[in-house]
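Visitor: I'm new to this. Could you walk me through this model?
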Amino acid sequence: MQTIDCIKTRRSIRKFTDEPVDHATLEKIVDAASFSPSWKNTQIVRYIVVEDPALKARIAKECTTGFTYNAGTMESAPVIVALTVIKGRCGYERDGSFTTSRKDTWQMFDAGIAAQTFCLAAHEFGLGTVIMGIFDDTLSDVLEIPADRELVNLICIGHPAEAPEVPKRKAVADLLSYR
Ligand SMILES: Cc1cc2nc3c(=O)[nH]c(=O)nc-3n(C[C@H](O)[C@H](O)[C@H](O)COP(=O)(O)O)c2cc1C
């Protein structure tokens, strides 16, 4: 797939078939995402694949802040990926001080780049994804995220069972200005 086609035809997918996602494909996707740019090449993003049906069901039941829309997507997805970052590196100097006044917010920036690269690579391999930002704080404990890491977002992934319309995009003229 051409890059621009991949960017423009990727959609958030919230309904999946029962077909499992094989580990080889997940590893190719993470390999592609590992080529994302990162703060001083710190590469702080780590992925936790949740494929155990009981754990997935528990997350859908207990960790969606009552937002049943996300619970339904999680139940449909064969795999939920938790995107985490290693804290204390991105945005920092070697002596532990912040490099810029934006402090460690750069770690969210790096996580976002990695998440989009992950989703585009999945699309290239015929899989659908949806990034999720709405989940309960208790999820970090449920997934036993180590203390040196932060859970940033979830990505449901699987074989698409829907082909949503493109949500309306803003016109370039509204997005772009020149100085
Ligand atoms: C940071 C972030 C958080 C999101 N959280 C959710 C979510 O909790 N549930 C959901 O169904 N979609 C979520 N989305 C997906 C957006 O709704 C979706 O990207 C947007 O509607 C545009 O649709 P498209 O991805 O098909 O282009 C999230 C996307 C981003 C970038």
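Guide: Sure! Helices (H or I, at least four residues) and strands (E, at least two) are DSSP runs, numbered from the N terminus. This is a predicted model, where local features need pLDDT of at least 70, side-chain atom pairs count only at pLDDT 80 or more, and totals for chains, interfaces and linings use all residues. Residues are numbered from 1 along each chain as its sequence is written.

Visitor: What makes up the shell around the ligand?
Guide: A residue is near a molecule if its C-beta atom, placed from the backbone, lies within 6 Å of it. The residues surrounding the ligand include Arg-11, Asn-70, Met-132 and Pro-167. Helix H4 (68-76) and strand E3 (128-132) each give two or more residues to that shell, and E3 gives the most, with three.

Visitor: Why do the buried residues of H2 lie on the same side?
Guide: Buried means 20 or more other C-beta atoms within 10 Å of a residue's own; exposed means 12 or fewer, and partly exposed is in between, with C-beta atoms placed from the backbone. In helix H2 (residues 23-33), Leu-26, Ile-29 and Ala-33 are buried. They cover an arc of only 60° around the axis, so they sit on the same side of H2. That arc is taken from the directions from the helix axis to the C-beta atoms. On the face turned away, Ala-24, Glu-27 and Asp-31 are exposed.

Visitor: What makes strand E2 mostly covered?
Guide: Six of the eight residues in E2 (residues 79-86) are buried.

Visitor: How do you know that E1 and E2 pair?
Guide: Pairing takes at least two bridges found by DSSP. E1 and E2 have six and run antiparallel, so they pair by that definition.
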